[in-house]
Amino acid sequence: MNNVHLRKVGKIYAGGVEALRDIAFDIPDGAFCVLVGPSGCGKSTLLRMVAGLETITSGEISIGDRAVNDLDPSERDIAMVFQNYALYPHMSVYDNMAYGLRNRKTPKPEIEARVQEAARILEIGHLLDRKPRQLSGGQRQRVAMGRAIVRKPRVFLFDEPLSNLDAKLRIQMRVEIKKLQRTLGITSIYVTHDQLEAMTLADMLVVMNKGNIEQVGPPLQLYERPETVFVAGFIGAPPMNLIELPEGGVAGLALENRPVAPVIVGIRPEHFELAPVGTPAPLGISMQITAIEMVGAETYLYGALDGRGREVIVRVAGKAEQQIGERVTAVAERHNLHFFDPATGRRLAVS
Amino acid sequence: MVQRRSLLDIVPHFILALGVIIIAFPVYIAFVASTWDAATISNGQMPLWPGPHFLENYYRTIFIGTAKTTREPVGIMMLNSFVMAMCIAIGKIAISLISAFAVVYFRFPFRMAAFWTIFITLMLPVEVRIYPTYKIVADLRLLDTYAGLTIPLIASATATLLFRQFFMTVPDELVEASRIDGAGPMKFFVDTLVPLSITSVAAMFVIQFIYGWNQYLWPLLITTSDNMQTIVIGIKKMIVTQDALTEWQIAMATAVLAMLPPVIVVVAMQKLFVKGLTETEK
Ligand SMILES: Nc1ncnc2c1ncn2[C@@H]1O[C@H](COP(=O)(O)OP(=O)(O)OP(=O)(O)O)[C@@H](O)[C@H]1O
Ligand SMILES: [Mg+2]
């Protein structure tokens with residue numbers, strides 16, 4: 001069983017920077033776990049602690065039910081793909097992939113077989129004799145993956161492996177990584193700050209913020225039921241509209257059964273529907289359009305509540321006939337509303 | 001336009017050619033002098049073209065040497081110089097690579113102190129510390145040995161600094177990838193760091209070989225027996241003040257021979273050397 005357990009893991013860097021606090025979650029065998037969060041939230045730190053490249057200040061990390069806190073990276077049976085690939089520049093592609101196996105005294109025929117197999121899977125068979133500098137970014141990326149695959153590790157670790165590729169290649173590689181992970185069935189931890197990448201790759205999504213875990217769960221669950229304001233704003237693009245409602249309410253927004261205490265109400269752009277003025281609905285807003293973004297299949301209307309105030313995004317399918325400056329009314333269903341406590345940022349159970 | 005261009009091309013070429021002539025002419029004269037007999041040279045009427053004694057002079061220089069002054073064939077001197085230059089170049093590179101590796105990749109107490117100590121030795125070339133160094137070498141009974149000739153010259157801050165700068169540009173991820181691939185520190189050093197440094201090593205080798213080959217003061221102090229003479233000292237000894245005794249054709253042949261190994265090293269290493277200065281392969 002190649003599951004990964006983290007128990008109350010904390011990290012304080014020399015110099016007193018507290019990068020991680022009480023991180024605890026389990027990754028089941030074979031799962032694809034994605035760590036996502038804004039820059040500086042500690043994703044890389046956590047990944048590097050699992051890899052053994054960073055010491056563990058407190059808590060325990062175990063891989064396959066074996067505590068690895070005091071083990072060297074090479075003894076943890078993990079393989080890592082770095083953002084800049086970190087290929088050995090003076091070694092051929094073949095040697096790059098074979099190096100780790102040679103160091104482990106794997107028999108030669110076995111090395112040959114594994115490298116050829118990985119090259120076949122990744123379609124880099126014709127590149128084996130080249131040096132890394134003779135490869136394109138995408139090819140280097142594949143070699144880096146190959147180096148990880150040949151080891152047949154318990155856990156794959158990826159630190160933003162696609163961020164150096166152009167947008168199109170990134171999508172293509174994203175699909176391939178996912179497919180590869182499925183076929184190999186190797187437990188994986190993947191770091192990214194791209195929420196779309198996170199949503200599409202993950203079996204299990206871990207949203208981090210400022211060294212804490214905000215929420216752990218399957219991507220759709222995080223999308224449909226974000227537990228905190230932060231997750232609500234982070235997952236989904238364009239992000240969820242988060243409107244603070246003080247006791248008196250705000251102009252341009254009508255909410256049935258409005259809670260008395262101040263709340264933050266969240267509603268995704270795609271859950272709005274345009275409606276004629278005065279349509280009765282659980283939630284209705286009236287806004288003046290300030291910008292229109294057409295992306296083909298859909299259109300995003302940016303507006304300000306009641307002509308001023310905070311910005312709201314409304315998605316409409318297809319092309320929009322509205323003009324900038326026009327006033328529109330949009331409504332949403334009750335079950336699509338999310339309520340959060342403005343003080344703690346946590347989800348409120350409002351019926 | 002075309003006119004102007006070709007004129008602009010000609011001027012620098014002309015200046016370059018002039019420079020080459022000015023530098024190469026004395027070398028040519030030395031070569032010419034090494035192919036005539038002593039009488040032709042000393043009567044002050046030496047021709048500007050090579051004479052008939054090439055083989056004879058060089059044979060005598062390499063295998064017999066001058067009759068009175070050096071009492072050793074130049075072949076032996078060349079061997080001494082070569083051993084000294086190689087030991088200094090290789091020794092310096094080996095020590096510098098290792099010390100730069102230690103300073104960049106390990107956290108040990110007084111790391112920076114160690115680094116600055118190395119740095120300060122830049123200010124202490126042999127000429128400055130000549131007396132204490134001589135005393136130590138003498139006390140260790142290393143006079144007239146290759147060890148005494150080379151070891152005091154090997155400790156080198158310049159090469160350490162160069163390699164330190166280079167190592168600091170090697171991405172950390174490479175170390176980390178090595179660690180994950182199961183390579184310990186020394187394996188990383190041998191398998192990754194040294195191969196990556198190969199062009200810097202070549203550049204350093206050229207510079208240090210020539211530095212070692214051209215040593216004069218130190219070998220002069222440290223060697224007394226004839227069979228430990230280096231070629232640079234040999235040349236000096238051949239040229240005696242009473243002009244009549246100087247066997248100029250031998251001295252000039254020696255000078256030409258003394259030039260050859262550094263030239264060969266430069267030419268052989270040139271490709272790597274230029275690559276080391278221009279290409280960064282990381
Ligand atoms: N070696 C270090 N020494 C001290 N503090 C560090 C060190 N490395 C990272 N940090 C700090 O720890 C925190 C988390 O850094 P980390 O690199 O894990 O962020 P990240 O989530 O990977 O961000 P990014 O998306 O930008 O890569 C940051 O505040 C950073 O400044
Ligand atoms: Mg990072």
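# Exercises on a predicted two-chain model

Over all chains, the structure holds 22 aromatic pairs. The model is a predicted one, and the exercises below work through its rings, cores, chains and single residues.

## Exercise 1: Rings and charges

Find which residues of chain B are linked by ring pairs into a cluster, and then find which arginines lie over the face of a ring.

Solution. Begin with the cluster, in which ring pairs join B:Phe101, B:Tyr105, B:Phe106, B:Phe163, B:Phe166, B:Phe167, B:Phe188 and B:Phe189. Turn next to the charges: in chain B, the face of B:Phe115 has B:Arg164 over it, at 4.2 Å from the ring centre. In chain A, A:Arg147 is placed over the face of A:Tyr88, and here the distance from the ring centre is 5.0 Å.

## Exercise 2: Nonpolar cores

Identify the residues of the largest nonpolar core that touch the most other members, and state which helix gives the largest share of this core.

Solution. The largest nonpolar core has 82 residues, and those touching the most other members are A:Phe25, A:Leu35, A:Leu46, A:Leu157, B:Phe163 and B:Phe167. Helix H4 (residues 74-105) of chain B provides the largest share of this core, namely ten residues. A second core, separate from this one, has 46 residues, among them A:Met97, A:Leu135, A:Val150 and A:Leu222. To see one member at closer range, take A:Leu157: when neighbours within four places in sequence are left aside, its contacts are A:Leu47, A:Val50, A:Ala51, A:Ile78, A:Ala79, A:Met80, A:Val81 and A:Ile189. Two residues met here return to the cluster of Exercise 1, since B:Phe163 and B:Phe167 are also linked there by ring pairs.

## Exercise 3: Chain A and the confidence of the model

Describe the make-up of chain A, and say where in chain A confidence is lowest and where it is highest.

Solution. Chain A contains eight helices and 19 strands, and its C-alpha trace spans about 75 × 45 × 35 Å along the principal axes. Of the 351 residues in chain A, 53% are buried. Among contacts in chain A with a separation of 6 or more, 64% are between residues 24 or more positions apart. As for confidence, the average pLDDT of chain A is 91, with 99% of the residues scoring at least 70, while chain B averages 87, with 93% of the residues at 70 or above. Within chain A, the lowest confidence is in strand E12 (residues 253-255), at a mean of 85, and the highest is in strand E3 (residues 32-36), at 96. For the model, the ipTM is 0.85 and the pTM is 0.84.

## Exercise 4: Three residues of chain A

Decide for A:Ser62, A:Pro161 and A:Ala254 whether each is buried, partly exposed or exposed.

Solution. A:Ser62 is found in strand E4 (residues 58-63) of chain A, and it counts as buried because its relative accessibility is 3%, under the limit of 20%. Beyond neighbours within four places in sequence, A:Ser62 contacts A:Asn3, A:Val4, A:His5, A:Arg7, A:Ala67 and A:Val68.

A:Pro161 belongs to the loop between strand E7 (155-159) and helix H5 (167-184) of chain A, and it too counts as buried, because its relative accessibility is 0%. Residues up to four places away not being counted, A:Pro161 touches A:Val81, A:Phe82, A:Gln83, A:Tyr85, A:Gln141, A:Tyr190 and A:Val191.

A:Ala254, by contrast, is in strand E12 of chain A and is partly exposed, because its relative accessible area of 48% falls between 20% and 50%. Its contacts, apart from neighbours within four places in sequence, are A:Pro282, A:Leu283 and A:Gly284; of these, A:Pro282 is 28 residues away in sequence, with 7.9 Å between the C-alpha atoms.

## Exercise 5: Between the chains, and within chain B

Work out how many residues of each chain are in contact across the interface, and then which elements the buried residues of H7 in chain B pack against.

Solution. The contact joins 18 residues of chain B to 24 residues of chain A. The two chains bury about 1,800 Å² between them, and carbon and sulfur atoms give 57% of this area. Of the area that chain B buries against chain A, 38% is supplied by B:Arg179, B:Ile180 and B:Asp181, more than by any other three residues.

For the second part, helix H7 (residues 146-154) of chain B has B:Gly148, B:Leu149, B:Thr150, B:Pro152, B:Leu153 and B:Ile154 buried. These buried residues pack against H4, helix H6 (130-139), helix H11 (198-213) and helix H12 (217-222) of chain B.

Note on methods
Residues are numbered from 1 along each chain as its sequence is written. Chains are lettered from A and ligands numbered from 1 in the order in which they are written. This is a predicted model: local features need pLDDT of at least 70, side-chain atom pairs count only at pLDDT 80 or more; totals for chains, interfaces and linings use all residues. Side-chain values use heavy atoms; hydrogens and water are left out. Rings of Phe, Tyr and Trp (its six-membered ring) pair if their centres lie within 6.5 Å; planes under 30 degrees apart count as stacked, over 60 as edge-to-face and the rest as tilted. A charge sits over a ring if NZ of Lys or CZ of Arg is within 6 Å of the ring centre and within 35 degrees of the ring normal. A nonpolar core is a set of buried Ala, Val, Leu, Ile, Met, Phe, Trp, Tyr and Cys residues joined through side-chain atoms within 4.5 Å. Buried means under 20% relative accessible area, exposed over 50%, partly exposed in between (1.4 Å probe, protein chains only). Helices (H or I, at least four residues) and strands (E, at least two) are DSSP runs, numbered from the N terminus. Contact means heavy atoms within 4.5 Å. pLDDT is the predictor's confidence in each residue, from 0 to 100. Buried area is the accessible area (1.4 Å probe) that two parts lose on being put together, summed over both.
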